[in-house]
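Visitor: Please take a close look at the aromatic contacts in this model, and then place them in the rest of the chain. A plain account will do.

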Amino acid sequence: MDVHDDFGVLLKESSVEEIKNSIRMIASLSPLELKIMARKAWEFVRANHTREKFTE
């Protein structure tokens, strides 16, 4: 799975504690930081998950 630190969160254990900590971390981000993360995720998807890339 393509997840980068600058626009996503990858759970290594998927434990309840890890999920809680990840939610707290995301909830503590400013609206601007969330907007930047969302934009980076969108840009990554647009560049890497096209029909052409799937064909490759």
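Guide: Rings of Phe, Tyr and Trp, the last by its six-membered ring, count as a pair if their centres lie within 6.5 Å. The model is a predicted one, and a search of the whole structure finds one aromatic pair. That pair joins phenylalanine 7 and phenylalanine 44, with 5.4 Å from centre to centre and 40 degrees between the planes. Planes under 30 degrees apart count as stacked and those over 60 as edge-to-face, so the pair falls into the remaining class, tilted.

The two rings come from separate parts of the chain: phenylalanine 7 lies in the segment before α1 and phenylalanine 44 in helix α2, so the pair ties together parts that are 37 residues apart in sequence. Both phenylalanine 7 and phenylalanine 44 are buried. For phenylalanine 7 the relative accessible area is 15%; the cut-off for buried is under 20%, which is why phenylalanine 7 is put in that class. Phenylalanine 7 can also be placed against tryptophan 42: the two are 35 residues apart in sequence, and their C-alpha atoms are 9.3 Å apart in space.

Phenylalanine 44 has a further contact, through its backbone. The side chain of asparagine 48 reaches the backbone oxygen of phenylalanine 44 at 2.9 Å. Asparagine 48 is itself in helix α2, and counts as partly exposed at 32% relative accessibility. From asparagine 48 to lysine 35 the C-alpha distance is 20 Å, with their positions 13 residues apart in sequence.

Next comes the loop between α2 (31-48) and α3 (51-55), where threonine 50 has its place. A polar atom of the threonine 50 side chain lies 3.1 Å from the backbone nitrogen of lysine 53. Threonine 50 has a relative accessible area of 26% and is partly exposed. Glutamate 52, in helix α3, is exposed, with a relative accessible area of 56%.

Back in the segment before α1 (16-27) is serine 14. Its phi is near 60 degrees, a positive value in a residue other than glycine. Most residues other than glycine have a negative phi. Serine 14 is partly exposed, at 48% relative accessible area. Serine 14 and glutamate 52 are 38 residues apart in sequence and 33 Å apart in space, C-alpha to C-alpha.

The chain as a whole gives the setting. It has three helices and zero strands, in the order α-α-α from the N terminus. Its C-alpha trace spans about 40 × 30 × 10 Å along the principal axes. The radius of gyration is 14 Å, whereas a compact globule of 56 residues would have one near 10 Å. Buried residues make up 12% of the 56 residues, and phenylalanine 7 and phenylalanine 44 are both among the buried ones. The chain exposes about 5,100 Å², of which carbon and sulfur atoms supply 58%. As for charge, there are 9 positive and 10 negative charges, and their mean positions are 6 Å apart.

Technical notes:
Residues numbered from 1 in each chain as written. Predicted model: local features only at pLDDT ≥ 70, side-chain atom pairs only at ≥ 80, totals over all residues. Heavy atoms only, no water. Helix = DSSP H or I, 4+ residues; strand = E, 2+ residues; numbered from the N terminus. Rg over C-alpha atoms; globule rule 2.2 N^0.38 Å. Buried < 20%, exposed > 50% of the residue type's maximum accessible area, 1.4 Å probe, protein only. Areas by Shrake-Rupley, 256 points an atom, 1.4 Å probe, with all protein chains shown as cover. Lys, Arg positive; Asp, Glu negative; His and termini not counted. Charge placed at Lys NZ, Arg CZ, Asp CG, Glu CD. Polar contact = N/O pair within 3.5 Å; in protein donor to acceptor, adjacent residues only side chain to side chain.
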